[in-house]
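Here's a quick walk through a model, written for someone who'd rather be at the bench. Have a look at the structure first.

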Amino acid sequence: MAHLELQAVSKQFKTGKVLDGVSLEAERGEIICIFGPSGSGKTLLLRLIAGVEQPDEGVILLGGHDVTDNAPETRGVGMAFQNFALFPHMSAFDNVASALTARRTPPDVIRAKVEKVAALLKISHVLQHAPQELSNGQKQRTGLARALVADPKFLLLDDPLRNVDAKLRYEMRLELPALLKASGSTVLYVTQDYKEAMALGDRIAVLLDGVFAQIANPAEVYRQPATLSVARLFGEPTINLIPIEPLASPDALKIGVGGAWLSFPPSYAHAVGKSCVLGLRPESIVVETVNSRESFAVDVVAVTPLNEKTLLLLRTADGREILASEAGTDEAPRRRGPAYARFDPSAVLLFDAASGRRVPPQSA
Amino acid sequence: MEHTSLAERIFRGVLVALIVVFFLFPIFWIFLMSFQTNEDILRIPPRIFFEPTLSNYSALITGKLVTVSGTLDIAFMKNLWNSVLLSTAAVAIALILGVPAAYAFARYKFRLGEDIAFTLLSFRFAPPLLVLLPLSLYFQQLGLTDTYAGLIWVYQLIALPLILWIVRGYFEDVPPDIEYAYRVAGHSWWRTFIGVAIPLARPGIAAAGLLAFIFCWNNFVFALILASADKQPVTVGALAFVTASGIQYGQIAAAIVLSATPTLALALYAQRYLVEGLSLGALKG
């Protein structure tokens with residue numbers, strides 16, 4: 001049985017429905033990143049699980065027990081709030097310790113546990129400070145420490161790295177997975193940063209328009225996004241989307257891209273005649289100076305070198321602008337001007353234009 | 001540094017001096033009067049220099065007022081004690097009732113909630129005389145006339161709305177997430193109320209309590225109608241100095257000095273809380 005389970009949870013405010021029948025199952029010790037644009041209800045979802053808000057409909061199960069109507073203090077969850085929610089009248093130490101004092105832990109055990117988690121999160125030197133004396137990053141880590149310190153079975157983290165400066169964020173992104181795994185907790189981790197979701201999650205749950213558009217492991221979300229919207233949210237620069245309509249021809253399928261007719265894998269035969277959208281990741285586009293049968297003519301409009309990669313803005317013969325990215329090399333810098341582009345047909349994504357759902361290839 | 005011309009500084013100094021004289025001179029004059037005999041006070045033109053006497057204070061403290069037409073008993077010290085008792089008890093009860101109510105009004109939306117809160121506030125709008133006549137009739141029926149309990153109850157009309165509305169604003173200023181965080185950490189509702197909500201609203205509670213105390217202390221008309229000399233506070237007790245043989249200005253002045261001293265001392269001591277408490281917004285976590 002799943003350790004944490006949501007069954008068709010809905011929540012509505014005066015402004016409209018925020019969550020519309022959300023279901024999720026998490027196994028013990030699993031880290032699930034809840035990813036979605038701001039305002040999609042990620043925070044609300046955590047608040048429902050913590051018991052801070054009540055769902056209108058649906059059931060919340062923690063450890064197999066229905067806790068939908070239980071008070072927050074009985075649920076055994078640890079939560080890090082987006083706005084820190086530190087207690088301004090207590091020192092950082094007492095803030096962290098508050099999760100232990102409620103459980104009648106002896107003082108020396110409290111001290112040891114707080115100091116241990118503070119050392120992990122690098123806030124040992126500010127434990128005696130009041131919250132208003134802490135930097136935003138320190139506040140956030142204090143909130144995180146408070147959530148972690150009691151070894152809760154369920155850990156709800158609401159964008160804990162949002163206010164941390166860039167350098168520390170990269171460090172934490174490397175350290176957090178081990179830290180979270182060591183805690184043994186089932187973790188729901190809310191983030192707006194797709195890289196963070198990719199780096200931390202065993203699975204990513206993409207929350208869009210009040211429902212999970214996709215719940216899958218990071219590679220799958222990236223390589224086989226369930227919908228156009230999901231594809232758009234992952235990857236930088238964003239995926240190129242080109243409306244196409246595959247045609248059947250005697251030897252293979254053909255698609256029209258940039259004024260050229262290119263052959264298309266026959267596994268997409270079921271999409272013939274439908275209006276579709278072709279998804280091309282910038283890194284799967286190859287720009288060359290020589291023409292080939294799989295290429296289409298482009299004009300390299302702009303070149304942005306970023307050292308580890310180079311971004312190319314291409315304009316196709318029919319005036320469409322697409323982005324390509326190339327791994328950085330020591331070769332002579334790329335020139336603007338006419339060139340030819342091709343893509344790996346096995347790496348393309350095809351979406352139904354009307355529903356936005358991905359059209360998977362069919363094995364012959 | 002802002003630059004001001006000499007004329008501007010002089011002008012400002014004169015204005016400040018005027019205001020200080022306007023507000024503080026009466027207090028200063030009362031203080032002087034309290035050390036003068038009635039003859040000194042009524043002399044025209046008044047004199048700044050006089051022979052100070054403690055007779056006014058001794059009369060108040062011993063409770064024997066000697067006039068040309070004989071000796072009069074005055075219950076001033078009893079009145080002072082009544083004021084302390086009534087105001088303290090009224091504010092204590094108003095805090096016990098008002099703080100949880102303020103929290104409820106701040107945190108929960110319930111049916112008629114705003115109406116109830118507004119009704120409580122409207123007690124402050126109505127002139128006390130409006131309710132006093134029916135109230136005195138009720139009190140006679142209930143046997144509450146001339147009792148401490150009855151007065152303390154009526155004083156809730158003064159203290160409760162004040163505390164409710166000031167403290168409510170403070171609770172509304174505490175981000176709910178701070179309380180939720182405490183509950184998620186495993187604390188019950190009650191412990192969260194005691195451990196987080198009250199400490200964070202403390203400046204407001206202190207300020208509201210202090211103001212309520214001063215308002216209760218200064219109340220005159222409730223005790224005048226609803227209690228006899230035995231239970232009356234200083235504000236009413238001062239009437240005793242209007243005697244058959246004339247108005248005892250010296251004793252009135254001494255009585256005012258004595259009765260203003262506790263509230264003044266309290267206000268000075270709690271000034272920090274008052275300023276902190278009445279200027280909102282120290283709570284951005």
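What follows covers confidence, the chain contact and one helix pair.

This is a predicted model, where local features need pLDDT of at least 70, side-chain atom pairs count only at pLDDT 80 or more, and totals for chains, interfaces and linings use all residues. Residues are numbered from 1 along each chain as its sequence is written, while chains are lettered from A and ligands numbered from 1 in the order in which they are written.

The model scores ipTM 0.84 and pTM 0.80. Chain B averages a pLDDT (the predictor's confidence in each residue, from 0 to 100) of 85, and 95% of its residues score at least 70. Residues 280-285 of chain B fall below 50. Where pLDDT is low, don't read the predicted coordinates in detail.

So where do the chains meet? In all, 17 residues of chain B are in contact (C-beta atoms, placed from the backbone, within 7 Å) with 20 residues of chain A. Helix 8 of chain B gives the most to chain B's side, with seven residues.

Now for helix 7 and helix 9 of chain B (helices are DSSP runs, H or I, of at least four residues, numbered from the N terminus):

| Feature of the pair | Value |
|---|---|
| Packing angle, helix 7 and helix 9 of chain B | about 155° |
| Axis separation, helix 7 and helix 9 of chain B | 8 Å |

Angles run from 0 to 180 degrees between N-to-C directions, with axes fitted to C-alpha atoms over the stretch in contact. The two helices of chain B, 7 and 9, are therefore roughly antiparallel (over 145 degrees).

Technical notes
Two residues are in contact if their C-beta atoms, placed from the backbone, lie within 7 Å. Angles under 35 degrees count as roughly parallel, over 145 as roughly antiparallel, 65 to 115 as roughly perpendicular and the rest as oblique.
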